[in-house]
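User: Hi, can you walk me through this structure? I'm new to this, so short answers please.

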Amino acid sequence: MTRQQNFTDPKIDGDLKTVSYIADDSGRQEMTPGAIWDPVHIVNEQAWREIEKQIESSRRKIAAGKRSPLHYHMIANQMNAALLARYTGQSSWRVHLHLLPFFFRRLGRKTLTNYADFFKISAEDLQSGRLKPPLYSRHEIHS
Amino acid sequence: MKYIPDNTSFFHSQSAHCESGVAANLLSHGGLHFSEAMAFGIGGGLFFGYLPFIRLNGMPLVTYRSAAGKILKRLGRIPGVEIEQKRYRHRQRAMAELDELLARGVPVGLQTGVFWLPYFPTALRFHFNAHNLVVYGKEDGDYLISDPVFPGPVRCAADDLARARFASGALAPRGKMYYLRRVPAELDRGPHILQGIDSVCRTMLGTGFPLIGIQGMRLLAGRMERWPKKLGEQGAALHLGHVVRMQEEIGTGGGGFRFMYAAYLQESAEEMGDGFLRNCSATLTEAGDSWRHFAVMAARVCKDRPRPGDTYAAMAEQIRRCALLEENVFKQLRQWLKQ
């Protein structure tokens, strides 16, 4: 269950072709096609490493019984309790309670389904603690 | 005057920034040719703001361009241009009205949250809610999208697009959608160019609010010097990376929109036959280079490979240099406007 998983490929933003304004020799700004600049790769990677660290720490807390599986799904999707509450139409203290195993075990079907639909997983997976990858690393290929 | 032609194909032209790209594409589609830089400049898109009380992923908001919607708002004020804009409470209604417009062949601009758009590369899917795109059709339940920062048209499933339109958190779009009702057949850009420059001079040189404009840059520089002490090495590096991401993320054209604005001044110089604007364009390019210099230094620190001299004090000094360059440009431009 706690299989190590890297959700990001460091080159994953590299294949996007972008355009930017670059001055030519005479100082004229021209819209020029190119790829994402190297320093940007570095800071993007930094941000994702931080997210992965948080995900790992969340997995540990769940394994230790300190947090409910909901905590993993929240963190993996880069949210906090306030944002998750806004998305699922509840008050944030309720979400805070649901992040604790004691309350999570006692969740009704309706609330569980509400969370599961939001994270696009099945209620069973959520309840039983199968930690599915976050929304953004499951996308189907669109042309 | 003429109405927007009734067809379903949309003229997609890749841009460096989403809102100016959407604005330029929509206007050009309507028959009034606009380059991205021109839309950005007349829309008064350049800005600087350091707003620590607004948090993105737990980091202070640093922005190099004006608030989402300002460019469109200003372009909508041009006589003869009519932009209809709506927000929604209910998802179903918002999607139904979008479909209705598409059925009539009207391309529609939307504000969306990037996190929910599956066609974005995974590494760029952060919770950032001020992204603009144009929907121009629907096919087999998928929306056909002209996203200005992508090389070509893309597709997005209806459910994902609905989620993106109703993303929550900072800068929530609340289903915002807009489309052109009419555009003038011709436009004398001169007065609008002046107004656009005037608007940016005002915000950059002093609104009395110390977090924005040149003052905001200097404030950020001062705060940055204290980050290592206040946040620890790691926290400081994360904040630093965030500043660079806001500056250099796709959609800034690099140099935190400074190059794009330089392109605008250059185009305006040609339009108005005024050499002075060309000089300003060159100075602003210098400011953009100076921002990029800061980004390079910052990236080395973030990667934990600083060279000697890559200190927070040096980076703050670099930002002050940018502030000085920009202060000079906008002071000169303000003088020039008075003539």
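Analyst: We'll take the contact between the chains, then a strand, then a loop residue. Keep in mind that this is a predicted model.

User: OK. How many residues does each chain bring to the contact?

Analyst: Chain A brings 42 residues and chain B brings 54 residues.

User: And how much area do chain A and chain B bury between them?

Analyst: About 4,200 Å². Carbon and sulfur atoms carry 61% of that area. On the chain A side, Tyr21(A), Gln29(A) and Trp37(A) supply 16% of the area buried against chain B. No other three residues of chain A supply more.

User: How many salt bridges cross the interface?

Analyst: The rule finds three between chain A and chain B. One of them joins the side chains of Arg28(A) and Glu270(B), with 2.6 Å from N to O.

User: What about polar contacts, how many residue pairs there?

Analyst: There are 15 residue pairs in polar contact across the interface, with both residues at pLDDT 80 or more.

User: Which elements of chain A give two or more residues to the side that touches chain B?

Analyst: Two strands and three helices: β1 (18-23), β2 (29-34), α1 (38-63), α3 (81-88) and α6 (109-118) of chain A. Of these, α1(A) gives the most, with twelve residues.

User: How do the residues on that side of chain A divide by type?

Analyst: You get 22 nonpolar, eleven polar and nine charged.

User: New topic. Why is strand β9 of chain B largely enclosed?

Analyst: Strand β9 covers residues 177-183 of chain B. Five of its seven residues are buried, so the rest of the structure largely encloses β9(B).

User: Which strands pair with β9(B)?

Analyst: Strand β4 (residues 82-86) of chain B pairs with β9(B) in the antiparallel sense, over five bridges. There, Glu82(B) has Arg182(B) as its bridge partner. Strand β5 (residues 108-112) of chain B also pairs with β9(B) in the antiparallel sense, over two bridges. In that pairing, Gly109(B) has Tyr178(B) as its bridge partner.

User: Last one: where is Gly175(B) found?

Analyst: In the loop between α5 (158-165) and β9 of chain B.

User: Is Gly175(B) buried or exposed?

Analyst: Gly175(B) is buried, because its relative accessibility is 0% and the cut-off for buried is under 20%.

User: What does Gly175(B) touch, leaving out residues up to four places away in sequence?

Analyst: Gly175(B) touches Lys86(B), Arg87(B), Tyr88(B), Arg165(B) and Phe166(B).

User: And what separates the C-alpha atoms of Gly175(B) and Arg189(B)?

Analyst: A distance of 32 Å, with the two residues 14 residues apart along the chain.

Definitions and conventions: Residues numbered from 1 in each chain as written. Chains lettered and ligands numbered in written order. Predicted model: local features only at pLDDT ≥ 70, side-chain atom pairs only at ≥ 80, totals over all residues. Heavy atoms only, no water. Contact = heavy atoms within 4.5 Å. Buried area = accessible area lost by both parts, 1.4 Å probe. Salt bridge = Lys/Arg side-chain N within 4 Å of Asp/Glu carboxyl O. Polar contact = N/O pair within 3.5 Å; in protein donor to acceptor, adjacent residues only side chain to side chain. Helix = DSSP H or I, 4+ residues; strand = E, 2+ residues; numbered from the N terminus. Nonpolar A, V, L, I, M, F, W, Y, C, P; charged D, E, K, R; others polar. Buried < 20%, exposed > 50% of the residue type's maximum accessible area, 1.4 Å probe, protein only. Pairing = 2+ DSSP bridges.
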